[in-house]
Amino acid sequence: MRTTLTLDDDVADALKERVRHLDQPFKQVVNDVLRRGLGPDASQPTDPYRVRTHSTGFAPGVDPLRLNQLVDELETEAYLEKEARIARAASESTDDQ
């Protein structure tokens with residue numbers, strides 16, 4: 001079928017770019033693009049995305065969003081304990097002299 005079609009500038013530019021990229025005739029590119037746009041995949045609604053839930057194993061009252069804060073607190077405690085041991089050891093060595 002032969003018809004006249006007025007294209008918006010951005011659509012015409014995109015089609016021309018595709019013609020250059022694919023090295024195919026303009027008519028073929030337009031027909032392929034229209035076929036894909038009118039095909040069954042474009043008109044049929046897709047199934048909604050579903051997320052399957054699973055148990056995380058956290059005890060009630062544990063906020064998994066604050067686990068990084070807990071890790072920071074534990075690392076701070078470990079660091080302070082290590083520094084205290086070093087200070088005690090240094091203090092004991094100076095007392096022995």
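This note goes through the confidence, the salt bridges, a charged patch and one backbone feature of a predicted model.

1. Confidence. Because the structure is a predicted model, the confidence values deserve attention before the details. The chain has an average pLDDT of 87, and 93% of the residues score at least 70. Within the chain, helix H3 (residues 40-43) has the lowest confidence, with a mean of 60, whereas the highest is found in H1, at 95.

2. Salt bridges overall. When the whole structure is searched, two salt bridges are found. They are taken in turn in the next two points.

3. Glu17 and Arg20. One of the salt bridges joins Glu17 to Arg20, with 3.0 Å between the closest N and O atoms. Both residues belong to helix H1 (residues 9-22), where they are three residues apart, or about one turn of the helix. As for solvent exposure, Glu17 is partly exposed, because its relative accessibility is 44%, while Arg20 has a relative accessible area of 57% and is therefore exposed, the cut-off for exposed being over 50%.

4. Asp32 and Arg35. A salt bridge also links the side chains of Arg35 and Asp32, at 3.3 Å from N to O. Here the two residues sit in helix H2 (residues 26-38), again three residues apart, which is about one turn of the helix. Arg35, with a relative accessible area of 56%, is exposed, whereas Asp32, with a relative accessible area of 26%, is partly exposed.

5. A negative patch. Asp72, Glu73, Glu75, Glu77 and Glu81 together form a negative patch on the surface. Among them, Asp72 can be placed in helix H4 (residues 67-96), and this residue counts as partly exposed because its relative accessibility is 45%. That value also fits membership of the patch, because patch residues need over 30% relative accessible area.

6. Asp23. A reader checking the backbone may wish to look at Asp23, which has a positive phi of about 55 degrees although it is not a glycine. Most residues other than glycine have a negative phi. Asp23 is located in the loop between H1 and H2, and its relative accessible area of 69% means that the residue is exposed.

Technical notes
Residues numbered from 1 in each chain as written. Predicted model: local features only at pLDDT ≥ 70, side-chain atom pairs only at ≥ 80, totals over all residues. Heavy atoms only, no water. Salt bridge = Lys/Arg side-chain N within 4 Å of Asp/Glu carboxyl O. Helix = DSSP H or I, 4+ residues; strand = E, 2+ residues; numbered from the N terminus. Buried < 20%, exposed > 50% of the residue type's maximum accessible area, 1.4 Å probe, protein only. Patch = residues over 30% accessible without salt bridge, like charges linked within 9 Å, V, L, I, M, F, W, Y side chains within 5 Å. Areas by Shrake-Rupley, 256 points an atom, 1.4 Å probe, with all protein chains shown as cover. Lys, Arg positive; Asp, Glu negative; His and termini not counted. Charge placed at Lys NZ, Arg CZ, Asp CG, Glu CD. pLDDT = per-residue confidence, 0-100.
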